[in-house]
Amino acid sequence: MELIARGRDADVFALDASRVLRRYRHEGRPTHLESRLMTHLTACGYPVPKVYEVTDTDMVLERLTGPTLLELLAQRPWRVRDLGRVLGGLHDRLHEVPAPAWLPKRFGTADDDRVLHLDLHPGNIILTGRGPVVIDWSNAGAGDPAADVAMTMVTVGSADVPGLAARLGRGLLLRAIRGGCGTDPTPRVQEAIDVKLADPYLTTTEAAWLRNRAADTDTDGRRVRR
């Protein structure tokens, strides 16, 4: 099998022209829950890969053709505002989906939980011929949409990117995501920062950004009244 992508805890192999194998390196990952959620989202009209087969460590999924949103941002940085609004719009579409009872609660609300991706960043959006498709649902849960947007903002904001131009582009991207999304993440930003700081894969630079923002600013660098 040809290795075509490698993430923090899973590898993706090409099986043929229409299918890939996503294989976790360790057992105990939520493959059955993840595949069940993707099947549910497909039925709700949300753009995710088709699921073919599932085991405890493997998922056979639809092979998607197209660049990630992250790759397109690198190739066409002048499109940052449009692409940021695409990401924000994907949040809005997802948060129209009520959370099924079997989805684990994270950042829960009292009585109106929604499906949350909780890792919806530009690298997890593939721009295909049928439109943007969201991948990697391993962190998903049920809860408050503001937490989902906050996780995106702190993930993008803390990303360890080299160069002044890239950092300036990141600020434009954060503002575009906010502009394209109807949910205000501010009430959940501190919780999202705490979750990210517990990530064992966090780099020193990422951790420093998060700690600098934790006390009194939101992810756009603006003061938050507490």
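This passage walks through the overall build of the chain, its nonpolar core and a handful of individual residues.

The model is a predicted one. The chain carries 7 helices and 9 strands. Measuring up the C-alpha trace along its principal axes gives a span of about 50 × 45 × 30 Å. As for how closely the chain is packed together, a compact globule of 226 residues would have a radius of gyration near 17 Å, and the chain comes out at 17 Å, so the two agree. Buried residues account for 49% of the 226. Contacts reach far along the sequence, too: of those between residues at least 6 apart, 63% join residues at least 24 apart.

On the outside, the chain shows an accessible surface of about 11,400 Å². Carbon and sulfur atoms make up 51% of that surface. Charges come to 31 positive and 30 negative, and the mean positions of the two sets sit 5 Å apart.

Turning to the interior, nonpolar side chains in soluble globular proteins tend to be buried together. Here the largest nonpolar core holds 34 residues. Those with the most contacts inside this core are Leu37, Leu41, Tyr46, Val115, Leu120, Ile125 and Trp137. Several elements chip in with at least two residues each, and they include both helices and strands: helix 1 (31-43), helix 2 (69-75), helix 3 (80-94), helix 4 (145-158) and helix 5 (164-180) on the one hand, strand 5 (58-62) and strand 7 (125-128) on the other. Helix 3 gives the largest share, with 5 residues.

Helix 3 is also home to Gly88. This glycine has a relative accessible area of 0%, and therefore counts as buried. Apart from neighbours within four places in sequence, Gly88 is in contact with Ile177, Gly180 and Cys181. Arg29 is another story: Gly88 and Arg29 are 59 residues apart in sequence, and their C-alpha atoms are 28 Å apart in space.

Arg19 makes a handy contrast. This arginine belongs to strand 3, which covers residues 19-24. Its relative accessibility is 26%, above the 20% limit for buried and below the 50% mark for exposed, so Arg19 is classed as partly exposed. Leaving out residues up to four places away in sequence, Arg19 touches Ala14, Tyr52, Glu53, Val60, Leu61 and Arg63. Val51 lies 32 residues from Arg19 along the chain, and the C-alpha atoms of this pair are separated by 9.3 Å.

Two loop residues deserve a word for their backbone. Leu118 is not a glycine, yet has a positive phi of about 70 degrees. Leu118 sits in the loop between strand 6 (114-116) and strand 7, and with a relative accessible area of 5% this leucine is buried. Asp136 is not a glycine either, and its phi is positive at about 60 degrees. The loop in question for Asp136 runs between strand 8 (131-134) and strand 9 (141-143). Asp136 has a relative accessibility of 18%, and since buried means under 20%, this aspartate counts as buried.

Definitions and conventions
Residues are numbered from 1 along each chain as its sequence is written. This is a predicted model: local features need pLDDT of at least 70, side-chain atom pairs count only at pLDDT 80 or more; totals for chains, interfaces and linings use all residues. Side-chain values use heavy atoms; hydrogens and water are left out. Helices (H or I, at least four residues) and strands (E, at least two) are DSSP runs, numbered from the N terminus. The radius of gyration is taken over C-alpha atoms; the globule rule is 2.2 Å times the number of residues to the power 0.38. Buried means under 20% relative accessible area, exposed over 50%, partly exposed in between (1.4 Å probe, protein chains only). Contact means heavy atoms within 4.5 Å. Accessible areas come from the Shrake-Rupley method with a 1.4 Å probe; for residues, only the protein chains shown count as cover. Lys and Arg count as positive and Asp and Glu as negative; His and the chain ends are not counted. The place of a charge is taken as NZ of Lys, CZ of Arg, CG of Asp or CD of Glu. A nonpolar core is a set of buried Ala, Val, Leu, Ile, Met, Phe, Trp, Tyr and Cys residues joined through side-chain atoms within 4.5 Å.
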